[in-house]
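Trainee: Could you take me through this model before I go back to the bench? I would like to go slowly and keep the definitions straight.

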Amino acid sequence: MKGAYTNPRFFLAMTVMLAMAAALVQAQGTRVGFYARTCPRAESIVRSAVQSHFRSNPNIAPGLLRMHFHDCFVQGCDASILIDGPNTEKTAPPNRLLRGYEVIDDAKTQLEAACPGVVSCADILTLAARDSVFLTRGINWAVPTGRRDGRVSLASDTTILPGFRESIDSQKQKVAAFGLNTQDLVALVGGHTIGTSACQLFSYRLYNFTNGGPDPTINPAFVPQLQALCPQNGDGSRRIDLDTGSGNRFDTSFFANLRNGRGILESDQKLWTDPSTRTFVQRFLGERGSRPLNFNVEFARSMVKMSNIGVKTGTNGEIRRICSAIN
């Protein structure tokens, strides 16, 4: 980890990210270093909490990253996904398997002891997502902060979240509604380079998908391996890596697997089968004849854009003392 701070490419990436972050967030009211005076240890407290939980359970890293995605696409990045109660976002089917709530609660408890009523749950979640990428050997980037927490959390609003069977056209339309483009879509889905999926979300691809056989977009040599992991009528809750062979490391292996017909989710594999997104997969892989893109740098860029969707600042929203409860 320490080597990242001395790598010239890291410093170049950070320079790009700082300039880009400043430009992107000027209108939203968030900024890098928002808590520099009011709670100078805010970011280090969050990172320490994430690191502590990560050491005992590395699965919290992809969990926190997914949680941040699912929060931002519903009511904006306002921590509404953290609110407990009947029919809240947390109870909706797309969110029932999310992990990492205890990490946010831990960080919030420490922050309330150090700086009562200052740091929002929305910022904690945003910072924790960044730290999760860094802990899995991905890039570290400057996170604009200053978000406030939302008061509305409805399970019915989660229908906006892209689904695991969704077409590329539909996925593009959904992200475009938030000012994100096709490159952003591919980069953000690339977050599936870490983490797992339950068999119940993709096993339908392995049996009777078309003409009694598996999904033809799956590499035929890969099908028996997946069927052994997720047998027909087996345990649908069993989890397997979304990025076969590199599920705990933030890298481009996920895209290589898509190219090789080894994507786990149908919606992921479509990034390769659809020409409009395949181009970006090829560029992230640095394929010959394409204009290469640095996946880590572009992922960070897209994360900053996404993390400013619908943010509440100034007098909007609130600063929750307990992230799971509205004040």
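Mentor: We can go through the annotated sites, then the salt bridges, then the cavity.

Trainee: What kind of model is it, and how are residues numbered?

Mentor: This is a predicted model, in which local features need pLDDT of at least 70 and side-chain atom pairs count only at pLDDT 80 or more, while totals for chains, interfaces and linings use all residues. Residues are numbered from 1 along each chain as its sequence is written, and side-chain values use heavy atoms, with hydrogens and water left out.

Trainee: Where does UniProt place a "binding site"?

Mentor: One position is His192, which the unreviewed UniProt entry lists under that feature; such positions are in the numbering used here, feature names are shortened, and annotations may be inferred rather than shown by experiment. His192 is found in the loop between α8 (182-189) and β3 (196-198), where helices (H or I, at least four residues) and strands (E, at least two) are DSSP runs numbered from the N terminus.

Trainee: Is His192 buried or exposed, and what does it touch?

Mentor: His192 counts as buried because its relative accessibility is 15%, buried being under 20% relative accessible area, exposed over 50% and partly exposed in between, with a 1.4 Å probe and protein chains only. Leaving aside residues up to four places away in sequence, His192 touches Arg66, Leu242, Asp243, Phe254, Leu265 and Asp268, contact meaning heavy atoms within 4.5 Å.

Trainee: And what about Pro162?

Mentor: The unreviewed UniProt entry also places the feature "binding site" at Pro162, which lies in the loop between β2 (144-145) and α7 (168-176). Pro162 is partly exposed, at a relative accessible area of 36%, and it touches Gln171 and Lys174 when residues up to four places away in sequence are not counted.

Trainee: Switching topic, how many salt bridges are there?

Mentor: The structure holds 16 salt bridges, each being a side-chain nitrogen of Lys or Arg within 4 Å of a carboxyl oxygen of Asp or Glu. One of them joins Arg47 and Asp131, with the closest N and O atoms 2.8 Å apart. Arg47 lies in helix α3 (residues 42-56) and Asp131 in helix α6 (residues 121-135), so this pair ties together parts that are 84 residues apart in sequence.

Trainee: Are those two buried or exposed?

Mentor: Arg47 is buried, with a relative accessible area of 15%, and Asp131 is buried as well, at 1% relative accessibility.

Trainee: Which other pairs should I look at?

Mentor: Arg259 and Glu287 meet through their side chains in a salt bridge of 3.0 Å, N to O. That pair links distant parts of the chain, 28 residues apart, with Arg259 in helix α10 (residues 253-259) and Glu287 in the loop between α12 (275-285) and α13 (295-306). Arg259 is partly exposed, its relative accessible area being 34%. Another salt bridge has Glu318 and Arg320 meeting at 3.9 Å, N to O; Glu318 counts as buried at 7% relative accessibility, and Arg320 does too at 0%. Salt bridges that share partners also join Glu43, Arg47, Arg130 and Asp131 into one network.

Trainee: Last topic, which residues line the largest cavity?

Mentor: The lining consists of His68, Thr126, Trp141, Val143, Met303, Val304 and Ser307, where a cavity is a set of points, on a 1 Å grid over the protein atoms alone, at which a 1.4 Å probe fits but cannot get out, and lining residues have an atom within 4 Å of a point.

Note on methods: 1 Å grid on protein atoms, 1.4 Å probe; cavity = no way out; pocket = protein on both sides within 12 Å on 5 of 7 lines; lining within 4 Å.
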